[in-house]
Amino acid sequence: MSVSADWSWQRTTLAGIRDALSLPAWVVGFGLVGVGSLARDVGYPVDVAVLSTMLVWAGPSQVIFFASIAAGAAWSAIALAIGFASLRFLPMTVAILPLLRRPGQGIAMQLLLAHYVAVTAWTEGLRRLPGIAPHQRVAYFLGFANACMMVSAAGTYAGYYLVGALPLPLAAGLLCLTPIFFLASIAAGIRHRGDLIAMGLGLALAPIFDRLMGSGFDLIVSGLIGGSIAFAVRLIGARRV
Amino acid sequence: MTQPIPLLDGPFWPYLALLLFAFLPTEIWRWLAVAFARRINADSPALEWVRAVATALLAGVVAKLIIAPPGALAALPLSLRVGALAATLAIVLFDRRRVFLAVLVGEAVLIGGGWMLSQAA
(Lines give C-alpha, C1' and ligand atoms only; values in the text may rest on other atoms or scores of the structure.)
Protein backbone atom coordinates (compact mmCIF):
# COMPACT_ATOMS: atom_id res chain seq x y z
CA MET A 1 0.00 0.00 0.00
CA SER A 2 1.17 3.56 -0.53
CA VAL A 3 2.23 5.70 2.41
CA SER A 4 1.08 9.31 2.52
CA ALA A 5 3.73 11.88 3.46
CA ASP A 6 1.64 13.38 6.28
CA TRP A 7 1.11 10.10 8.17
CA SER A 8 2.36 9.85 11.77
CA TRP A 9 5.22 7.42 12.45
CA GLN A 10 2.77 5.04 14.17
CA ARG A 11 0.58 4.82 11.11
CA THR A 12 3.62 4.43 8.85
CA THR A 13 4.94 1.58 11.02
CA LEU A 14 1.55 -0.13 10.82
CA ALA A 15 1.63 0.19 7.04
CA GLY A 16 5.02 -1.55 7.06
CA ILE A 17 3.68 -4.34 9.27
CA ARG A 18 0.65 -4.77 7.05
CA ASP A 19 2.75 -4.93 3.88
CA ALA A 20 4.98 -7.59 5.47
CA LEU A 21 1.98 -9.68 6.56
CA SER A 22 0.46 -9.48 3.08
CA LEU A 23 2.94 -12.22 2.00
CA PRO A 24 6.72 -11.69 2.48
CA ALA A 25 6.73 -12.41 6.25
CA TRP A 26 5.00 -15.74 5.67
CA VAL A 27 7.50 -16.77 2.99
CA VAL A 28 10.48 -16.11 5.30
CA GLY A 29 8.70 -17.62 8.30
CA PHE A 30 7.90 -20.74 6.29
CA GLY A 31 11.56 -21.02 5.27
CA LEU A 32 12.75 -20.83 8.88
CA VAL A 33 10.43 -23.61 10.12
CA GLY A 34 13.05 -26.07 8.88
CA VAL A 35 15.74 -24.37 10.98
CA GLY A 36 13.75 -25.16 14.12
CA SER A 37 13.57 -28.80 13.04
CA LEU A 38 17.33 -28.91 12.40
CA ALA A 39 18.06 -27.39 15.84
CA ARG A 40 15.88 -30.04 17.48
CA ASP A 41 17.71 -32.71 15.52
CA VAL A 42 21.13 -31.74 16.95
CA GLY A 43 19.68 -31.54 20.47
CA TYR A 44 20.00 -27.79 21.05
CA PRO A 45 17.39 -26.06 23.25
CA VAL A 46 14.41 -24.35 21.63
CA ASP A 47 15.46 -20.87 22.78
CA VAL A 48 18.75 -21.23 20.89
CA ALA A 49 16.74 -22.03 17.76
CA VAL A 50 14.46 -18.98 18.20
CA LEU A 51 17.39 -16.75 19.25
CA SER A 52 19.27 -17.82 16.13
CA THR A 53 16.41 -16.43 14.04
CA MET A 54 16.34 -13.10 15.91
CA LEU A 55 20.10 -12.58 16.37
CA VAL A 56 21.61 -14.16 13.28
CA TRP A 57 18.62 -13.32 11.05
CA ALA A 58 20.08 -15.14 8.06
CA GLY A 59 18.63 -18.51 7.06
CA PRO A 60 21.83 -19.72 5.36
CA SER A 61 23.99 -18.95 8.43
CA GLN A 62 21.52 -20.71 10.71
CA VAL A 63 21.34 -23.77 8.46
CA ILE A 64 25.14 -23.99 8.12
CA PHE A 65 25.37 -23.67 11.92
CA PHE A 66 22.93 -26.47 12.84
CA ALA A 67 23.68 -28.73 9.87
CA SER A 68 27.46 -28.49 10.49
CA ILE A 69 27.01 -29.33 14.16
CA ALA A 70 25.01 -32.38 13.06
CA ALA A 71 27.84 -33.33 10.68
CA GLY A 72 30.45 -32.88 13.45
CA ALA A 73 32.39 -30.09 11.72
CA ALA A 74 35.16 -28.16 13.51
CA TRP A 75 34.06 -24.84 15.09
CA SER A 76 36.63 -22.88 13.09
CA ALA A 77 35.24 -24.40 9.88
CA ILE A 78 31.68 -23.50 10.88
CA ALA A 79 32.56 -19.88 11.65
CA LEU A 80 34.55 -19.55 8.42
CA ALA A 81 31.77 -21.04 6.28
CA ILE A 82 29.19 -18.75 7.91
CA GLY A 83 31.48 -15.75 7.46
CA PHE A 84 31.82 -16.48 3.77
CA ALA A 85 28.13 -17.16 3.29
CA SER A 86 27.32 -13.84 5.01
CA LEU A 87 29.80 -11.67 3.14
CA ARG A 88 26.96 -10.79 0.78
CA PHE A 89 25.49 -8.66 3.61
CA LEU A 90 28.32 -6.16 3.16
CA PRO A 91 27.32 -5.03 -0.35
CA MET A 92 23.63 -5.50 0.45
CA THR A 93 23.80 -3.23 3.51
CA VAL A 94 25.93 -0.70 1.65
CA ALA A 95 23.22 -0.58 -1.03
CA ILE A 96 20.24 -0.05 1.28
CA LEU A 97 21.71 2.32 3.92
CA PRO A 98 21.60 5.45 1.74
CA LEU A 99 17.82 5.00 1.48
CA LEU A 100 17.45 4.91 5.27
CA ARG A 101 20.06 7.42 6.39
CA ARG A 102 18.80 10.69 7.86
CA PRO A 103 20.65 13.79 9.07
CA GLY A 104 21.44 13.48 12.77
CA GLN A 105 20.88 9.71 12.83
CA GLY A 106 23.12 8.05 15.42
CA ILE A 107 25.45 5.12 14.78
CA ALA A 108 23.32 2.90 17.07
CA MET A 109 20.26 3.44 14.87
CA GLN A 110 22.28 2.61 11.75
CA LEU A 111 23.58 -0.60 13.34
CA LEU A 112 20.01 -1.53 14.30
CA LEU A 113 18.75 -0.91 10.76
CA ALA A 114 21.66 -2.90 9.32
CA HIS A 115 20.78 -5.86 11.56
CA TYR A 116 17.53 -6.40 9.64
CA VAL A 117 19.31 -6.69 6.30
CA ALA A 118 18.59 -10.18 4.95
CA VAL A 119 17.29 -11.32 1.62
CA THR A 120 13.58 -10.51 2.03
CA ALA A 121 13.71 -7.20 3.93
CA TRP A 122 16.48 -6.11 1.56
CA THR A 123 14.83 -6.90 -1.78
CA GLU A 124 11.46 -5.58 -0.59
CA GLY A 125 13.11 -2.53 0.99
CA LEU A 126 14.99 -1.61 -2.19
CA ARG A 127 11.72 -1.96 -4.11
CA ARG A 128 9.39 -0.09 -1.73
CA LEU A 129 11.48 2.53 0.11
CA PRO A 130 12.14 4.89 -2.82
CA GLY A 131 8.36 5.48 -3.07
CA ILE A 132 8.12 6.59 0.58
CA ALA A 133 9.01 10.05 1.91
CA PRO A 134 12.56 9.97 3.40
CA HIS A 135 11.44 10.95 6.93
CA GLN A 136 9.02 7.99 7.06
CA ARG A 137 11.31 5.27 5.72
CA VAL A 138 12.87 4.20 9.03
CA ALA A 139 9.45 3.71 10.68
CA TYR A 140 8.17 1.80 7.66
CA PHE A 141 11.29 -0.37 7.38
CA LEU A 142 11.32 -1.24 11.09
CA GLY A 143 7.61 -2.17 10.98
CA PHE A 144 8.15 -4.30 7.91
CA ALA A 145 11.33 -6.03 9.10
CA ASN A 146 10.11 -6.67 12.66
CA ALA A 147 6.88 -8.23 11.39
CA CYS A 148 8.99 -10.57 9.21
CA MET A 149 11.19 -11.41 12.21
CA MET A 150 8.29 -12.13 14.58
CA VAL A 151 6.53 -14.44 12.11
CA SER A 152 9.87 -16.20 11.49
CA ALA A 153 10.59 -16.61 15.21
CA ALA A 154 7.14 -18.23 15.59
CA GLY A 155 7.89 -20.44 12.56
CA THR A 156 11.22 -21.56 14.06
CA TYR A 157 9.50 -22.37 17.37
CA ALA A 158 6.77 -24.36 15.58
CA GLY A 159 9.34 -26.26 13.49
CA TYR A 160 11.23 -27.28 16.64
CA TYR A 161 8.24 -29.03 18.17
CA LEU A 162 6.50 -30.23 15.01
CA VAL A 163 9.39 -32.36 13.77
CA GLY A 164 9.14 -34.76 16.73
CA ALA A 165 5.33 -34.88 16.78
CA LEU A 166 4.63 -35.63 13.13
CA PRO A 167 4.55 -39.03 11.33
CA LEU A 168 7.69 -39.89 9.33
CA PRO A 169 6.87 -38.53 5.84
CA LEU A 170 5.74 -35.18 7.30
CA ALA A 171 8.76 -34.88 9.64
CA ALA A 172 11.00 -35.61 6.66
CA GLY A 173 9.10 -32.93 4.75
CA LEU A 174 9.83 -30.38 7.49
CA LEU A 175 13.54 -31.19 7.49
CA CYS A 176 13.59 -31.01 3.70
CA LEU A 177 11.90 -27.59 3.74
CA THR A 178 15.28 -25.95 4.29
CA PRO A 179 17.19 -27.35 1.29
CA ILE A 180 14.12 -26.98 -0.95
CA PHE A 181 13.46 -23.38 0.11
CA PHE A 182 17.14 -22.49 -0.22
CA LEU A 183 17.55 -23.90 -3.67
CA ALA A 184 14.37 -22.09 -4.73
CA SER A 185 15.69 -18.74 -3.40
CA ILE A 186 19.13 -19.26 -4.97
CA ALA A 187 17.54 -20.12 -8.33
CA ALA A 188 15.13 -17.17 -8.08
CA GLY A 189 18.10 -14.81 -7.52
CA ILE A 190 20.02 -15.94 -10.63
CA ARG A 191 20.79 -12.88 -12.77
CA HIS A 192 23.19 -14.30 -15.36
CA ARG A 193 25.10 -17.38 -16.49
CA GLY A 194 27.76 -16.89 -13.81
CA ASP A 195 25.16 -17.33 -11.04
CA LEU A 196 23.79 -20.45 -12.74
CA ILE A 197 27.28 -21.98 -13.01
CA ALA A 198 28.02 -21.10 -9.37
CA MET A 199 24.84 -22.84 -8.26
CA GLY A 200 25.47 -25.92 -10.45
CA LEU A 201 29.10 -26.29 -9.38
CA GLY A 202 28.18 -25.80 -5.72
CA LEU A 203 25.61 -28.60 -5.94
CA ALA A 204 28.06 -30.91 -7.74
CA LEU A 205 31.32 -30.17 -5.88
CA ALA A 206 30.14 -30.20 -2.26
CA PRO A 207 29.33 -33.94 -2.15
CA ILE A 208 32.66 -34.72 -3.90
CA PHE A 209 34.76 -32.68 -1.49
CA ASP A 210 32.73 -34.08 1.39
CA ARG A 211 34.12 -37.51 0.43
CA LEU A 212 37.65 -36.20 -0.13
CA MET A 213 38.11 -33.94 2.90
CA GLY A 214 35.31 -33.97 5.49
CA SER A 215 35.49 -31.88 8.70
CA GLY A 216 33.55 -28.89 7.35
CA PHE A 217 36.31 -27.22 5.37
CA ASP A 218 35.08 -29.17 2.32
CA LEU A 219 32.18 -26.71 2.11
CA ILE A 220 34.47 -23.67 1.95
CA VAL A 221 36.82 -25.30 -0.57
CA SER A 222 34.00 -26.34 -2.90
CA GLY A 223 32.47 -22.85 -2.58
CA LEU A 224 35.78 -21.14 -3.37
CA ILE A 225 36.49 -23.37 -6.37
CA GLY A 226 32.94 -23.36 -7.76
CA GLY A 227 32.47 -19.62 -7.20
CA SER A 228 35.85 -18.70 -8.69
CA ILE A 229 35.21 -20.78 -11.82
CA ALA A 230 31.77 -19.17 -12.21
CA PHE A 231 33.31 -15.70 -11.72
CA ALA A 232 36.03 -16.42 -14.31
CA VAL A 233 33.49 -17.69 -16.85
CA ARG A 234 31.43 -14.57 -16.29
CA LEU A 235 34.48 -12.28 -16.72
CA ILE A 236 35.51 -13.98 -19.97
CA GLY A 237 31.92 -13.92 -21.23
CA ALA A 238 31.56 -10.20 -20.38
CA ARG A 239 34.78 -9.39 -22.28
CA ARG A 240 33.57 -11.13 -25.41
CA VAL A 241 30.28 -9.21 -25.55
CA MET B 1 29.74 -34.67 17.09
CA THR B 2 31.18 -31.19 17.28
CA GLN B 3 32.75 -30.99 20.73
CA PRO B 4 32.24 -28.05 23.09
CA ILE B 5 35.46 -26.17 23.86
CA PRO B 6 36.29 -27.61 27.34
CA LEU B 7 37.10 -24.27 28.99
CA LEU B 8 33.66 -22.90 28.06
CA ASP B 9 31.61 -26.07 28.51
CA GLY B 10 28.35 -26.03 30.47
CA PRO B 11 24.62 -25.50 30.02
CA PHE B 12 25.30 -22.16 28.34
CA TRP B 13 27.48 -23.69 25.67
CA PRO B 14 24.79 -23.74 22.91
CA TYR B 15 24.09 -20.03 23.53
CA LEU B 16 27.78 -19.15 23.50
CA ALA B 17 28.37 -21.23 20.38
CA LEU B 18 25.50 -19.44 18.67
CA LEU B 19 26.94 -16.02 19.56
CA LEU B 20 30.56 -16.85 18.67
CA PHE B 21 30.21 -19.05 15.59
CA ALA B 22 26.93 -17.93 14.00
CA PHE B 23 25.96 -14.42 15.20
CA LEU B 24 29.43 -12.81 15.04
CA PRO B 25 30.54 -14.11 11.59
CA THR B 26 27.18 -12.96 10.17
CA GLU B 27 26.70 -9.62 11.95
CA ILE B 28 30.28 -8.43 11.39
CA TRP B 29 29.52 -7.72 7.71
CA ARG B 30 26.50 -5.58 8.56
CA TRP B 31 28.65 -3.63 11.04
CA LEU B 32 31.48 -3.19 8.55
CA ALA B 33 28.96 -1.93 5.99
CA VAL B 34 27.78 0.75 8.44
CA ALA B 35 31.38 1.72 9.20
CA PHE B 36 32.59 1.90 5.60
CA ALA B 37 29.37 2.48 3.65
CA ARG B 38 30.64 5.65 2.01
CA ARG B 39 33.88 4.04 0.80
CA ILE B 40 32.61 0.73 -0.61
CA ASN B 41 31.49 0.37 -4.20
CA ALA B 42 28.62 -2.12 -4.19
CA ASP B 43 29.29 -3.05 -7.86
CA SER B 44 33.04 -3.79 -7.62
CA PRO B 45 34.41 -7.03 -9.21
CA ALA B 46 35.68 -8.20 -5.81
CA LEU B 47 32.16 -8.17 -4.42
CA GLU B 48 30.93 -9.90 -7.58
CA TRP B 49 33.42 -12.71 -6.85
CA VAL B 50 32.26 -12.87 -3.23
CA ARG B 51 28.71 -13.23 -4.48
CA ALA B 52 29.68 -16.13 -6.76
CA VAL B 53 31.52 -17.91 -3.92
CA ALA B 54 28.56 -17.39 -1.56
CA THR B 55 26.16 -18.79 -4.18
CA ALA B 56 28.30 -21.91 -4.70
CA LEU B 57 28.71 -22.32 -0.93
CA LEU B 58 24.96 -22.13 -0.31
CA ALA B 59 24.26 -24.57 -3.14
CA GLY B 60 26.83 -26.84 -1.48
CA VAL B 61 24.91 -26.68 1.80
CA VAL B 62 21.77 -27.77 -0.07
CA ALA B 63 23.60 -30.69 -1.72
CA LYS B 64 25.04 -31.87 1.60
CA LEU B 65 21.65 -31.72 3.32
CA ILE B 66 20.23 -33.91 0.55
CA ILE B 67 23.14 -36.40 0.27
CA ALA B 68 23.69 -36.78 4.03
CA PRO B 69 20.36 -35.64 5.51
CA PRO B 70 19.44 -35.13 9.18
CA GLY B 71 17.07 -37.33 11.20
CA ALA B 72 13.80 -38.46 9.65
CA LEU B 73 14.79 -37.27 6.19
CA ALA B 74 17.44 -40.01 6.00
CA ALA B 75 14.65 -42.61 6.16
CA LEU B 76 13.47 -41.63 2.68
CA PRO B 77 15.44 -42.91 -0.36
CA LEU B 78 18.01 -40.64 -2.02
CA SER B 79 16.16 -40.77 -5.35
CA LEU B 80 13.07 -39.27 -3.72
CA ARG B 81 15.06 -36.46 -2.05
CA VAL B 82 16.81 -35.60 -5.32
CA GLY B 83 13.49 -35.82 -7.18
CA ALA B 84 11.84 -33.31 -4.83
CA LEU B 85 14.77 -30.91 -5.27
CA ALA B 86 14.70 -31.32 -9.06
CA ALA B 87 10.96 -30.54 -9.19
CA THR B 88 11.52 -27.32 -7.20
CA LEU B 89 14.48 -26.27 -9.33
CA ALA B 90 12.63 -26.91 -12.61
CA ILE B 91 9.71 -24.69 -11.59
CA VAL B 92 11.87 -21.75 -10.43
CA LEU B 93 14.11 -21.92 -13.48
CA PHE B 94 10.97 -21.90 -15.64
CA ASP B 95 9.51 -18.87 -13.84
CA ARG B 96 11.61 -16.98 -11.26
CA ARG B 97 8.55 -15.58 -9.47
CA ARG B 98 7.09 -18.99 -8.60
CA VAL B 99 9.20 -19.58 -5.48
CA PHE B 100 6.28 -20.40 -3.22
CA LEU B 101 4.70 -22.80 -5.72
CA ALA B 102 8.07 -24.45 -6.32
CA VAL B 103 8.56 -25.09 -2.59
CA LEU B 104 5.04 -26.52 -2.28
CA VAL B 105 5.51 -28.87 -5.26
CA GLY B 106 8.92 -30.06 -4.00
CA GLU B 107 7.39 -30.78 -0.59
CA ALA B 108 4.41 -32.55 -2.21
CA VAL B 109 6.77 -34.82 -4.19
CA LEU B 110 8.75 -35.69 -1.05
CA ILE B 111 5.84 -36.17 1.36
CA GLY B 112 3.62 -37.87 -1.24
CA GLY B 113 6.43 -40.21 -2.27
CA GLY B 114 7.28 -40.99 1.34
CA TRP B 115 3.64 -41.71 2.11
CA MET B 116 3.29 -44.06 -0.87
CA LEU B 117 6.46 -45.93 0.14
CA SER B 118 5.16 -46.38 3.70
CA GLN B 119 1.89 -47.75 2.30
CA ALA B 120 3.71 -50.18 0.01
CA ALA B 121 5.94 -51.50 2.78
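In chain A, among the contacts with a separation of 6 or more, 75% join residues that are 24 or more positions apart, where two residues are in contact if their C-beta atoms, placed from the backbone, lie within 7 Å. Please keep in mind that this is a predicted model, in which local features need pLDDT of at least 70 and side-chain atom pairs count only at pLDDT 80 or more, while totals for chains, interfaces and linings use all residues. Residues are numbered from 1 along each chain as its sequence is written, and chains are lettered from A and ligands numbered from 1 in the order in which they are written.

Let me stay with chain A as a whole. It holds 12 helices and zero strands, and by helices and strands I mean DSSP runs numbered from the N terminus (H or I with at least four residues for a helix, E with at least two for a strand). The radius of gyration of chain A is 19 Å, close to the 18 Å that the globule rule gives for 241 residues, so chain A is as compact as a globular protein of that length; this radius is taken over C-alpha atoms, and the rule is 2.2 Å times the number of residues to the power 0.38. Along the principal axes, the C-alpha atoms of chain A fill a box of roughly 60 × 55 × 30 Å. Of the 241 residues, 56% count as buried, which is to say that 20 or more other C-beta atoms lie within 10 Å of the residue's own, with C-beta atoms placed from the backbone (12 or fewer would be exposed, and in between partly exposed).

Now to the packing of helices inside the chain. Helix 1 (residues 9–21) of chain A and helix 9 (residues 137–165) of chain A pack at an angle of about 40°, with their axes 7 Å apart; axes here are lines fitted to C-alpha atoms, for helices over the stretch in contact, and angles run from 0 to 180 degrees between N-to-C directions. That angle makes helix 1 of chain A oblique to helix 9 of chain A, given that under 35 degrees counts as roughly parallel, over 145 as roughly antiparallel, 65 to 115 as roughly perpendicular and the rest as oblique. Among the residues that meet are A:Trp9 and A:Ile17 in helix 1 of chain A, and A:Phe141 and A:Cys148 in helix 9 of chain A.

A second pair is helix 2 (residues 24–41) of chain A and helix 10 (residues 168–188) of chain A, whose axes come within 7 Å and cross at roughly 130°. That makes helix 2 of chain A oblique to helix 10 of chain A. The contact includes A:Gly31 and A:Leu38 of helix 2 of chain A, and A:Leu174 and A:Phe181 of helix 10 of chain A.

What does each chain bring to the contact between chain A and chain B? Chain A gives 86 residues and chain B gives 68 residues, and on the side of chain A, helix 10 gives the most, with 20 residues.

One helix pair spans the two chains: the axes of helix 4 (residues 59–71) of chain A and helix 1 (residues 13–36) of chain B come within 10 Å and cross at roughly 155°. That makes helix 4 of chain A roughly antiparallel to helix 1 of chain B. The contact is made by A:Ser61, A:Gln62 and A:Phe65 of helix 4 of chain A, together with B:Phe21, B:Ala22 and B:Thr26 of helix 1 of chain B.
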